[in-house]
Each structure stands twice: as C-alpha cells, then as structure tokens.
Amino acid sequence: MRAQNTRDASQSIPLVEALFSGTASNGGLWVPETFPHFSLLRAKGDRPRFLDIGPDILRTFLPEAPMEWLSELFEGLYPTRFDHPEITPLLECGGSAGLARTYFLELFHGPTLAFKDLALTLLPHFMRYALRVSGKTGRLLVLTATSGDTGKAALSAFQSIPDIQIFVLYPEGGISSIQRAMMLEEQATNTRVFALKGDFDDAQRLVKSLMNDLEWREELNRRGIVLSTANSINLGRILVQVIYYFSSYQDIVDRGTIKLGDRVNYCVPTGNFGNILAGYYAYRMGLPIGRLVCASNRNRILNDFFRTGVYDLTAHSPLVKTLSPSMDILVSSNLERWIFEVLDREGEKTAELMTSLTRCGRFSIDVSAKKDGDLFFSATCNDLESLETIRETFRDGALLIDPHTAVAVYALGQYRKATGDDTPCVVHSTASPFKFPEAMLRALQRDTGSIDDHTRLDFLSEISGRPLPEAVRRLRLVRGREPESGNPEEIRQRLRQYAFEGW
Ligand SMILES: *Cc1c(COP(=O)(O)O)cnc(C)c1O
C-alpha cells in the first residue's frame, strides 16, 4: 500500500514510510492511497475487542507487517500500560432521557489519562519498524507540538526508546496545571520540554516550519538523523485511532442492542480533527456510521466551516482559552486530509486552498454539495454550557465526564434536538476528569477556592467514589523539572542547536 500527498496526488511513497516522514516536502500530508474494506462479523472471544481487531485493521494498511509482531505489540503494550481490562471500555449510563441510546467510549485508561495514549503507545515501535524496512539506519528526532495531552502521551511512549529523541513544545499558560505537572515530571534523558510564549497554533506552526526547512533536514540527514513528528499530522496516529471506532461498534453488536449493519453515530470532541478523521476513515472502510458529530468549544472555526463552507482564521482569532484546553486550536491540521477526499483527491486544488489559508487566513469550499458533505454535523459548546453538562451528567447518569467530553455531550444534545435522530451514539470520552480537578469542582459546585490541586483531586475522588488514577497520585511525590521557555524564534534557535546534541 502507498500513501499519497494531499498537495500533489501524483506523488506517493510506501505507506510504511509515512509512519516516520512527517509532512511531505511541499507541506502536504500523507494519506492512504485507498481505503481497504474491513468486515467485522467475528465470534465473541474473551479478549477485549480493541486487541482482537487492532492488528487486523493495521494490516489492511500495512499488509507486509508480520501478524505475529503486531499481535505481540498489542498484547505486550496495552494490557500492561492501560488500567482497564477492556482497554477502551464502553459505558452505558441510564438515567434521564437525554442520555438514552448514548454510549461513552472511555479512551483515557492509558498512562497519561487521555485518548492520545492509544495511538502513541504504538507509534515509537512503528517508527522503528518503518525505518528498518525502509532501509534507513540511524536516529529519529521527533518534534511535537501539544495542546496539553499529546505531549505527555508522547513523552511517556517515547521515553528511553533507543536512537530516538523527542522534543515537546507546549503553549505556556495554555494547558491545565495537572497537564503541565505531568509533562514536567518526565525525567528520561532522550526527552526535552519547551514552554512556548504563544498558543497551540504558534507551537504547531513552528513544528511545521522546522519540518519544511529542507536545508536543515538535509543537514540532519547528513548526520544520520531523520526528522519526524508525533502530532496527528503523522498518519500512523490516525490509523491506530480507526481501531476503536470498529471495536466499539462491535461491542454494541455483542451486547445485542443492534444488528451488524445497523447505523451508529459518533460524537467527537474535536481540535486538530485527527480523532474524528479516523472516524471518517472507518466509514470509508465500511463501518456503518450514520453521522459524525464534530463538537467544538468556543474556538468554533470548524463549526462555522461546516455550516458555511468558509474556514476563516481572521474571523476567529485570537484563539480563546477555555476549560477544554486540548481543543483550543484554530488551525485544524487534519481537515486538509478530509478536504482532499471531498475534492475527489485533487491535490492541486487542495494545495490552492491551503495556500490561501496561509496567505490570506481563509479559504472556502461548498462542502454541502460534495460527496459525504452531510456526513458531518457540527455544534459548539461554551464553558458555562460544558460545566452545566458535567453537572447534569453526574446528577442524572452518575457518570463523571471531563470538560472535553462534556463539549461532546452538549453537542450531541444539539444534534438530537435539531434532527430528531435518536440513532445510538458513541460519545468519545477523551480524557479523565482527574486531569482537570479545578474545572470539575467548579462544575459540581464544590469549588472551595484557593486549595491546591492535590486536595482538589482527593475531594473529587471522594465526591465521585472513583479512585485516583496512579498517573495523578504519583505527581505528589515527584519534583518536576523546569521547562525551557521562550518565544518561537528563541525556541527555534535552541531546538536547532539541541538537535545535534545528546545522542
Ligand atoms: C487532543 C484532544 C482532543 C482533540 O482531538 P483532535 O484529534 O485533535 O481533534 C479532544 N479531547 C482531548 C482530551 C484531547 O486530548
């Protein structure tokens, strides 16, 4: 299987190389050349569906990967690193009518309590495999911008992996205090963390511009260093995320609630459009998805795009900080991969739109007239609405959801109100509520003012009756290191310098 460049469809590379290649040299993203069909329909064994289906799905894209190796990776990594035997448990919560026919897919049982763990757990192993089969020897330098969760998940997955160094950039002041503490706790010598004076978009822009600095990449190559990224512009992440769309669907079938072939909707709290894009890929692979509900917080640029066809940075800047920081994004990178599909894979036209975005801060395209144009429904939720949703879901469904998941639950309510469609819906629970203790206590109207995070966490655990996850309990004992901080230009200089050190 090969991967195509979204900005030049005539250019392709073996898909396996896309696992470490970052962006294409003209700034385009790599996408699978075709979407292989994947059929479910398998007897229920005693293994979690995620482990059961995972290797098969990945092999549809990487047929040359040895099945045994893939199965060993899944069996070796997920059960030891995830704290739930189902890996991605699917919860139903009864209670009020608003939550009927709603499933919560908990994607936060990994080491850093957010859905990013699912793909990032595999990524370093994929990258090493991909380098080897592509005949590349040498080292990998992984640059990663984070809106809060990717950074920690990448640090955790890449720490102490031989021949790889990882640099993480986060927006100073733009992430939750627990997210920050988790990121700075990491001590492995192959990792570095930078606090950027700017927002997530600035961090992502810096990573992209370094990826596209062909001269620097050449210089690195001469010293045997390959430049890559762990952001969701890396196709490997998207492919792993396809798995839990299929496995959750199969879970519902296993429960006898639906028959194989019945439609299910998915509602996804969205920022960089990576997770929901994986849903679109699953749909193209034959999963009977009815609608994909794209949920945004107050940074509602995607919502306005789906409603008007205009993607307008100038109208939405500056980015606002919300209680769902991992979705505080305006330049939603993976939308480009969807646009490429909507345009029937016209690379030139995609490139034109993306150039217009860089040059003029906007582009427009009539999505509703296109193939799959009405597959997506979008809705937004502000901080007050998300706090209220957390409170109501806890009160009516006895379920504690984090502020990102709350945006999705609210958006689903909007969708059902607008369409009357009560098809069963899987809501992606993307983070653990224990990553956001301050917002959670505010939502539950139990905020006691100026107490510290650890006291808040204990309190939250007591109120919810859920034990504190190890990943946050541990923070009490460790002293974090200080990040290096600076404006984008300063960080760029230092990154370029460090790239050659520490190997
Ligand atoms: C990253 C993240 C999102 C957004 O996912 P995208 O793939 O960037 O759209 C939503 N919620 C949480 C908790 C996240 O960490």
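**Rings, charges and a buried helix: worked exercises**

At 0% relative accessibility, Y266 counts as buried (buried is under 20% relative accessible area, exposed over 50%, partly exposed in between, with a 1.4 Å probe and protein chains only). This is a predicted model, where local features need pLDDT of at least 70, side-chain atom pairs count only at pLDDT 80 or more, and totals for chains, interfaces and linings use all residues. Residues are numbered from 1 along each chain as its sequence is written, and side-chain values use heavy atoms, with hydrogens and water left out.

**Exercise 1.** Work out how the rings of F50 and Y78 are arranged.

*Solution.* Start with the rule: rings of Phe, Tyr and Trp (its six-membered ring) pair if their centres lie within 6.5 Å; planes under 30 degrees apart are stacked, over 60 edge-to-face, and the rest tilted. The structure holds 26 aromatic pairs. For F50 and Y78, the centres are 5.0 Å apart and the planes sit at 80°, so this pair is edge-to-face. Next, place the partners: F50 is in helix α2 (residues 49-61) and Y78 in helix α3 (residues 67-81), 28 residues apart. (Helices are DSSP runs of H or I with at least four residues, strands are runs of E with at least two, and both are numbered from the N terminus.) Finally, check burial: F50 and Y78 are both buried.

**Exercise 2.** Now do the same for Y245 and Y266.

*Solution.* The ring centres of Y245 and Y266 are 5.0 Å apart with planes at 50°, so call the pair tilted. Y245 lies in helix α10 (residues 235-254) and Y266 in strand β10 (residues 264-269), so the pair ties together parts 21 residues apart in sequence. Y245 has a relative accessible area of 0%, so Y245 is buried.

**Exercise 3.** Find the ring that R192 lies over, then the one under R223.

*Solution.* The test: NZ of Lys or CZ of Arg must be within 6 Å of the ring centre and within 35 degrees of the ring normal. R192 lies over the face of Y498, 3.7 Å from the ring centre. The charged end of R223 sits over F500, at 3.9 Å from the centre of its ring.

**Exercise 4.** Describe the surroundings of E501.

*Solution.* First, location: E501 is in the segment after α21 (488-498). Then exposure: E501 has 32% relative accessibility, so it counts as partly exposed. Leaving out residues up to four places away in sequence, E501 touches Q165 and R192 (contact means heavy atoms within 4.5 Å).
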